[in-house]
Amino acid sequence: MWRFVIIAEHHRRTQLRSQRRSGESGHLMLADGAMEGERRGEAPDQDATCLKSNGAVPGEPVKKDENSRRGNWGNQIEFVLTSVGYAVGLGNVWRFPYLCYRNGGGAFMLPYFIMLVFCGIPLFFLELSFGQFASLGCLGVWRISPMFKGVGYGMMVVSTYIGIYYNVVICIAFYYFFMSMTNLLPWTYCNNPWNTPDCSGVVGQDGTLNTSLANTTSLVTEVVNRTKRTSPSEEYWKYYVLNISDDIGNFGEVHLPILGCLAISWVVVFLCLFRGVKSSGKVVYFTATFPYVVLTILFIRGITLDGAINGIKYYLTPQWEKVLDAKVWGDAASQIFYSLGCAWGGLITMASYNKFHNNCFRDSIIISITNCATSVYAGFVIFSILGFMAHHLNVPVSEVADHGPGLAFVAYPEALTLLPISPLWSLLFFFMLILLGLGTQFCLLETLVTAIVDEIGTDWIIRNKTIITLSVAIVGFLLGIPLTTRAGIYWLLLMDNYAASFSLVIISCIMCVCVMYVYGHRKYFKDVEMMLGFPPPLFFKICWRFISPTIIAFILVFTVIQYKPITYNDYIYPGWSLAIGFAMALSSVICIPIYAIYKVVRSPGATFRERLKNACRADPNWGPALKEHRTGRYAAMTSEDAVEDCPLKEREELKEEQKERKDDISLTIQGSNGSTTTHNNPNPSA
């Protein structure tokens, strides 16, 4: 009898509280939330989402897929464009075309697209679904298995290294962009103070083609044998832009114009990210699409030039015998893996701002195919210009083809001097490089900021995320200053070759093993089905469990077997610098075992086996971020955790209500003899 009285009294009090809250202060709280949202530049009803999901605002539509506390993309186009900008970077322009002609031309496309289907798209989908399901960055998602949180720290280390040197490349593109604002490109002739006697320009002083280099192939060969020809663009790059020293340990002075451009690069990145995805999502409408406009303009111009067809033929002509070479397959797998940005943490971070039920399966296919199609398209643009250059020099295309910075800042700028109105084409080309670089840099910086904010997770740090973004940008600028010295190019290439090489392969492999075998593939497939409304296709299930990890292991073995010490032109890196390179590579991987040991030691359990099992078990907070999405086995989340997604004001009120409920109800339990006991009574017999 008393039990029914207590329950009835509880329902009466709850109803009165609900009526009082909705009648007296509900509209005021909603208005306050709307005003606060407007002050932050958000939609007026976004801060009221938590109230709506808890039934405090009757009669209004419920936005159940909006994370008001953390934020979401404004719309899905912003996410797709940001991810395209992240995946499509400088490597699509200066690495893929080179790999294509080096590995059999058109025949390279076969292993390239096979690796895309069996490794690239599945890994891309895995990372997008991973971040979107938990709505957390590369650190927070490891609630799935806390012992492997070191993988997230490894991703942060890799993104830090890449973010430091990547912005230096962007700043050099800025420098060339500014230097192109002239009537005559400064790397056109050999009559400058920085030129050496070995300089031999393609264009004569009267503006016509230098006949000493272009008359016959034999004459070219004679000139090359007599003296080592260096082009004006190469000497401009080495002796003026870089003012390169003779050794990696000889830093020399800082090149102030490059330092100024580095500051400009970081300022641009910060201004585009100071409001997180709310600001970067708007910027990518331009930064992710305009490079395709520039590529198309350059392509139309390139194919109208003499010799362009020869360059394109050289780029595409298949050498089918090379398909049987394991090195070609290794290059294809590596290019797919590194080009898509797997294991950097950026894909997880960008997907974490998606709404829970977004179709990330569709997005992964669209973005992956767009990335690879861009690489192929860029090859047509590059080799049409290089074919034109080879035609004028009367030399094979292979002698003017290059990759890496040599293509972007030496070979292509030299080809631009042969075009009418060359400063215009130079401006377009380097503006394209800037935009391609910024698209990747946005995600690298956002990866670090999101990881820090998610890890600390206090209301203060969420409200002041801009301060964290500014701090990371300042630190990145300071760490990039050594790369603007005379030895900077040596360090930039060292970081490019070691900081994000085999370490990414190891991180990605461990991530697959953790999700599929430690957490469990069946549970993860159910998670994806709960999020998307349909299970992952059978093909992706097989790839995630077997094929993709095998290909990743193949990439690792290939990387080790094909390893060669890094060189820059004729300069051979000393042993101590290579040791630093390996230390950078290991610094991200070593995070994994160190944190795993720490977590096992700190986990409860009487034996090592129990500690290991507890360290691998998913955290109770693992799962969808919003309460309304936690269905099925996630419905058992405690009410204290459920209110953490709400803004501070509503969260305190909900916690107070939960406390009142605990005081009202003593959790009565009817005994077998009809008596009642309570959990609050420490002495059941009293």
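Is R362 buried, partly exposed or exposed, and what is its relative accessible area? R362 is partly exposed, because its relative accessible area of 38% lies between the limits of 20% and 50% that separate buried from exposed residues. The structure discussed here is a predicted model, and the points below take up its salt bridges, its cavities, a nonpolar patch on its surface and one pair of residues from separate stretches of the chain.

**Salt bridges**

- Under the distance rule applied to side-chain nitrogen and carboxyl oxygen atoms, the count of salt bridges comes to eight, among them the pairs D363 with R362, D331 with R102 and E446 with K465.
- The side chains of D363 and R362 meet with an N to O distance of 3.3 Å, and whereas R362 is partly exposed at 38% relative accessible area, D363 counts as buried with a relative accessibility of 1%.
- D331 and R102 form a salt bridge through their side chains, with 2.7 Å from N to O; this pair links distant parts of the chain, since D331 belongs to helix α15 (residues 326–339) and R102 to helix α5 (residues 96–102), 229 residues apart.
- Within that pair, D331 counts as buried because its relative accessibility of 5% is under 20%, while R102, with a relative accessible area of 30%, is partly exposed.
- E446 and K465 are joined by a side-chain salt bridge of 3.0 Å from N to O, and this pair likewise links distant parts of the chain, with E446 in helix α19 (residues 422–456) and K465 in helix α21 (residues 465–480), 19 residues apart.
- Both E446 and K465 are buried.
- Salt bridges with shared partners connect R102, K327 and D331 into one network.

**Cavities**

- Rolling a probe the size of a water molecule over the atoms reveals where empty space remains.
- A search of the whole structure finds four cavities of 30 Å³ or more, and the largest cavity has a volume of about 80 Å³.
- The lining of the largest cavity is made by V168, I172, V241, L242, H255, I258, L483, T484, T485, G488, I489 and L492, and these residues divide into eight nonpolar and four polar, with no charged residue.
- Helices α7 (149–179) and α22 (488–498) each supply at least two residues of that lining, and α22 gives the most, with three residues.

**Nonpolar surface patch**

- The side chains of V513, Y517, V518, L538, I542 and F546 make a nonpolar surface patch of about 520 Å², to which α23 (502–532) and α24 (538–561) are the elements that give two or more residues.
- V518, one of the patch residues, is placed in helix α23.
- With a relative accessible area of 32%, V518 is partly exposed, and this value meets the requirement for patch residues because it is over 30%.

**A buried loop residue and its distant partner in sequence**

- N354 lies in the loop between α16 (346–352) and α17 (360–393), and N354 counts as buried because its relative accessibility of 2% is under 20%.
- Although N354 and N75 are 279 residues apart along the chain, their C-alpha atoms are separated by 8.7 Å.

Methods. Residues numbered from 1 in each chain as written. Predicted model: local features only at pLDDT ≥ 70, side-chain atom pairs only at ≥ 80, totals over all residues. Heavy atoms only, no water. Patch = residues over 30% accessible without salt bridge, like charges linked within 9 Å, V, L, I, M, F, W, Y side chains within 5 Å. Areas by Shrake-Rupley, 256 points an atom, 1.4 Å probe, with all protein chains shown as cover. Salt bridge = Lys/Arg side-chain N within 4 Å of Asp/Glu carboxyl O. Helix = DSSP H or I, 4+ residues; strand = E, 2+ residues; numbered from the N terminus. Buried < 20%, exposed > 50% of the residue type's maximum accessible area, 1.4 Å probe, protein only. 1 Å grid on protein atoms, 1.4 Å probe; cavity = no way out; pocket = protein on both sides within 12 Å on 5 of 7 lines; lining within 4 Å. Points joined across faces, edges and corners; volume = space filled by probe spheres on them. Nonpolar A, V, L, I, M, F, W, Y, C, P; charged D, E, K, R; others polar.
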